[in-house]
Amino acid sequence: MPVRAETVGEVGVDWLGNDITIDAVSDPKVSGVTCHVTYFDRSVIDRLKNGNWFEDPSNNSIACRQTGPVTIGDIDLSREGEEVFREGLSLIWKSLVVNRIYDKKNNTLIYLAHSRQVTDGSAKMSISTVPLFDRQVTWENGPPK
């Protein structure tokens, strides 16, 4: 079940009231890992000025780090991984999604932030990795074979 983010920062970028929002997202199945996700939050003035009321840009960024002892629960080990976080960026059209993928060969967790649109996907994305090599990691179900 995807989790909700906690807004930890907000930076004003122009006189129209547009902001860059910074959210902290804790992975619900991997304790000890926190991702910080940024996205652009359009102001009411900008929405009225440009006539596009419902949508925020797809620009986003992500950085994930170990923030405590790492314990990995029952995660999806497939190539597609699983959704960790989703937040709506418009009323009906788009959402910001964070997926987690485990790279077994390199013993690394990969977090991918991207926008999902109803009609077309978005090519704007960013990734962050959390290497598990040479770290004290507890796998609740034993390490992957």
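Trainee: What makes the contact between R100 and E82 a salt bridge?

Mentor: In this predicted model, the closest N and O atoms of R100 and E82 are 2.8 Å apart. The cut-off is 4 Å between a side-chain nitrogen of Lys or Arg and a carboxyl oxygen of Asp or Glu, so the pair qualifies as a salt bridge. The two partners lie in distant parts of the chain, R100 in strand β6 and E82 in strand β5, 18 residues apart. Both R100 and E82 are buried.

Trainee: Why is E82 called buried?

Mentor: The relative accessibility of E82 is 14%. Buried means under 20%, and E82 is therefore placed in that class.

Trainee: Which salt bridge does R100 form with D27, and how far apart are the closest N and O atoms?

Mentor: The closest N and O atoms of R100 and D27 are 2.7 Å apart. This value is within 4 Å, so the name salt bridge applies. R100 in strand β6 is thereby linked to D27 in the loop between β2 (19-26) and β3, 73 residues away in the chain. Both R100 and D27 are buried.

Trainee: How do you know that E82 and K29 meet in a salt bridge?

Mentor: The N to O distance between the side chains of E82 and K29 is 2.9 Å. Since the cut-off is 4 Å, the pair is counted. E82 belongs to strand β5 (residues 82-88) and K29 to the loop between β2 and β3, so the salt bridge ties together parts that are 53 residues apart in sequence. K29 is called partly exposed because its relative accessibility is 32%, a value between the limits of 20% and 50%.

Trainee: What links D27, K29, E82 and R100?

Mentor: A network of salt bridges links D27, K29, E82 and R100. The structure holds 3 salt bridges.

Trainee: What makes the phi of N107 notable?

Mentor: N107 is not a glycine, yet its phi is positive, about 50 degrees. The residue sits in the loop between β6 (94-103) and β7 (108-117). At 25% relative accessibility, N107 falls between 20% and 50% and is therefore partly exposed.

Trainee: Where is D134 found, and why is D134 called exposed?

Mentor: D134 is found in the loop between β8 (125-131) and β9 (137-139). Its relative accessible area is 71%. Exposed means over 50%, so D134 belongs to that class. D134 also has a positive phi, about 60 degrees, although it is not a glycine.

Trainee: Why does T38 count as partly exposed?

Mentor: T38 has a relative accessibility of 23%. Buried residues are under 20% and exposed ones over 50%, so T38 lies in between. T38 is part of strand β3 (residues 30-41). Its C-alpha is 9.2 Å from that of E10, although the two residues are 28 positions apart in sequence.

Trainee: What makes V11, V13 and I20 a nonpolar patch on the surface?

Mentor: Together V11, V13 and I20 have about 210 Å² of accessible area. A member of such a patch needs over 30% relative accessible area, and nonpolar side chains are joined within 5 Å. V11, for instance, has 45% relative accessibility, so it passes that threshold while still counting as partly exposed. V11 is in strand β1 (residues 6-12).

Trainee: How many helices and strands does the protein chain have, and in what order do the elements run?

Mentor: The secondary structure comprises 1 helix and 9 strands. From the N terminus, the order is β-β-β-α-β-β-β-β-β-β. Of the 145 residues, 39% are buried. The chain exposes about 8,500 Å², of which carbon and sulfur atoms supply 53%. Among contacts with a separation of 6 or more, 49% join residues 24 or more positions apart.

Trainee: Which elements have the lowest and the highest mean pLDDT?

Mentor: Helix α1 (residues 44-50) has the lowest mean pLDDT, 53, and β9 the highest, 95. Over residues 89-93 the pLDDT is below 50, and in the model this stretch has 18 contacts beyond near neighbours in sequence. For the protein chain, the average pLDDT is 80, with 71% of the residues scoring at least 70.

How values were computed
Residues are numbered from 1 along each chain as its sequence is written. Side-chain values use heavy atoms; hydrogens and water are left out. Helices (H or I, at least four residues) and strands (E, at least two) are DSSP runs, numbered from the N terminus. Buried means under 20% relative accessible area, exposed over 50%, partly exposed in between (1.4 Å probe, protein chains only). pLDDT is the predictor's confidence in each residue, from 0 to 100. Contact means heavy atoms within 4.5 Å. Patches are made of residues with over 30% relative accessible area and no salt bridge: like charges are joined within 9 Å, nonpolar side chains (Val, Leu, Ile, Met, Phe, Trp, Tyr) within 5 Å. Accessible areas come from the Shrake-Rupley method with a 1.4 Å probe; for residues, only the protein chains shown count as cover.
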